[in-house]
Amino acid sequence: MTLIKNKSITKTTIINRIIGKIQGVKKGPTIVFFAGIHGNEKAGVIALKKVFKEFSEETINGTVYGILGNLKALEKNQRYLDEDLNRIWTSEQLKNIPHKATLNAEEKEQKELFAVLHRIIENDSGPFYFIDFHTTSSKTLPFITINDAIINRKFSSQFPVPIVLGIEEYLNGPMLSYINELGYVSLGFESGQHEEKEAIVNCISFIYLTLAFTNAIDSSNSKDYTKYYNQLKVVSKKQDKVFEIVYLHTIKQDEIFKMKEGFKSFEDIKKKTVLATSNNQLIFSKYNAKIFMPLYQKKGKEGYFIIKEIAPFFLKLSTVLRSIKADNVLVILPGIFWENTNKNALIVNLKVTRFFAKSIFHLLGYRNKQADATHLKLYNRERVSKTEMYKDQQWY
Ligand SMILES: [Zn+2]
């Protein structure tokens, strides 16, 4: 499947888009690192340029790619030009794009990225890993964001950094959610604040650890492995737990939103703390929890998130429930049925959700996405996961 008809154009643009590709002499996984999906987030770009100089065909098992996201926005050092490239990977948009007469700046980038991505999936061999590098406008510990699938949880739990899951319920159309829907391990790594030097160091550490955890490099007698592991461990300040998003303040069109100065991601907040102003009205916290990704830049629709830690007991419980496909029991209940025979989405009557806590659906791997007046549509990552591809890997 490819969207681009003119092959010569594809080739010239793709040469610029690819930071590096190393195909090792020995067999191994295919690892794809993306950077600069947001044009003002350069830490991953700089880190990949540096490490690709250190790799060679002899030292890498399998294939490693470094790919740039938004070329035009990177040139201008802006998050995006026309629309956010990391919010347009919806099935509707991907269906429409081949039929559009004119494409905006980000749709052009998307079309090329889509072609590159599918060419890799078709021509290279698994297991596949997709990593997307970002930075944030606020100060932050480095952290991983994932769609809530067990393969993602298991793989990302090897890194000594906090993991935030369930972001797919709050964001529409991030690229990684699209790749995750295809069934592959895919994680976002937010390495620090946009301008911080440490954000680059954290990306370099993350790249080496990814190669080690996937056996793309031999880490058994490497001093560097310990160095990179400790780098992330120290900067994460022992917060390497699993968190879930419980709230997002979405900035509405024409809303004048201003975050109160000085918040860092993962900072504890209490109920009634003043967080921001919206059209000059104070916004108070409704939670005793942690603030996450407060917005300190002009572009972006997510004002701030609130996250809470998930207790290890519930993480284990949900792994067990999903492995025995406990969701089959749900559809026995009135008002809950499969959307289609693929069983990757549930349609739930809103009357039912009054009795059923959202957390039960979360435990079973379902995340709420679309709603009409009477029904919720809950998507599941488990049933589309290519678990077979990964189950013989050490980390699984
Ligand atoms: Zn970003």
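The legends below describe close-up views of a predicted model.

**View 1. Domain organisation of the predicted protein chain.** The chain is divided into domain 1, spanning 2–235, domain 2, spanning 242–309, and domain 3, spanning 312–387. The C-alpha centres of domain 1 and domain 3 are 29 Å apart, and contact between these two domains involves 19 residues of domain 1 and 15 residues of domain 3.

**View 2. The interface of domain 1 and domain 3.** The size of an interface is often given as the accessible area lost when the parts come together. Here domain 1 and domain 3 bury about 1,500 Å² between them, with 45% of that area on carbon and sulfur atoms. Across this interface there are 7 residue pairs in polar contact, both residues of a pair being at pLDDT 80 or more. On the side of domain 1 that touches domain 3, helix 6 (150–156) and helix 7 (175–181) each supply at least two residues, and the residues of that side divide into 8 nonpolar, 6 polar and 5 charged.

**View 3. The salt bridge between aspartate 148 and arginine 322.** The side chains of these two residues meet with an N to O distance of 2.8 Å. Across the interface of domain 1 and domain 3, the rule finds 1 salt bridge.

**View 4. The open sheet of 11 strands.** The strands follow the order 1-3-2-4-7-5-6-8-14-13-10, and their pairing is mixed. Strand 1 (18–23) and strand 10 (268–269) stand at the edges with a single partner strand each, so one side of each is left without a neighbour in the sheet. Within the sheet order, strand 4 (residues 128–136) pairs with strand 7 (residues 185–193) in the parallel sense over 7 bridges, and phenylalanine 133 stands opposite phenylalanine 189 of strand 7.

**View 5. The salt bridge between arginine 79 and glutamate 41.** The structure holds 15 salt bridges, and in the one shown here the side chains of arginine 79 and glutamate 41 meet at 3.7 Å, N to O. Arginine 79 lies in the loop between helix 3 (71–76) and helix 4 (91–96), whereas glutamate 41 lies in the loop between strand 2 (26–35) and helix 2 (43–54), so the pair ties together parts that are 38 residues apart in sequence.

**View 6. Backbone geometry at proline 127 and phenylalanine 266.** Most residues other than glycine have a negative phi, and most peptide bonds are trans. Glycine 126 and proline 127 are nevertheless joined by a cis peptide bond, with omega at about -5 degrees, and proline 127 is found in the loop between helix 5 (105–123) and strand 4. Phenylalanine 266, although not a glycine, has a positive phi of about 80 degrees; this residue is found in the loop between strand 9 (257–259) and strand 10.

Key: Residues numbered from 1 in each chain as written. Predicted model: local features only at pLDDT ≥ 70, side-chain atom pairs only at ≥ 80, totals over all residues. Heavy atoms only, no water. Domains from an automatic or database assignment. Contact = heavy atoms within 4.5 Å. Buried area = accessible area lost by both parts, 1.4 Å probe. Salt bridge = Lys/Arg side-chain N within 4 Å of Asp/Glu carboxyl O. Polar contact = N/O pair within 3.5 Å; in protein donor to acceptor, adjacent residues only side chain to side chain. Helix = DSSP H or I, 4+ residues; strand = E, 2+ residues; numbered from the N terminus. Nonpolar A, V, L, I, M, F, W, Y, C, P; charged D, E, K, R; others polar. Pairing = 2+ DSSP bridges.
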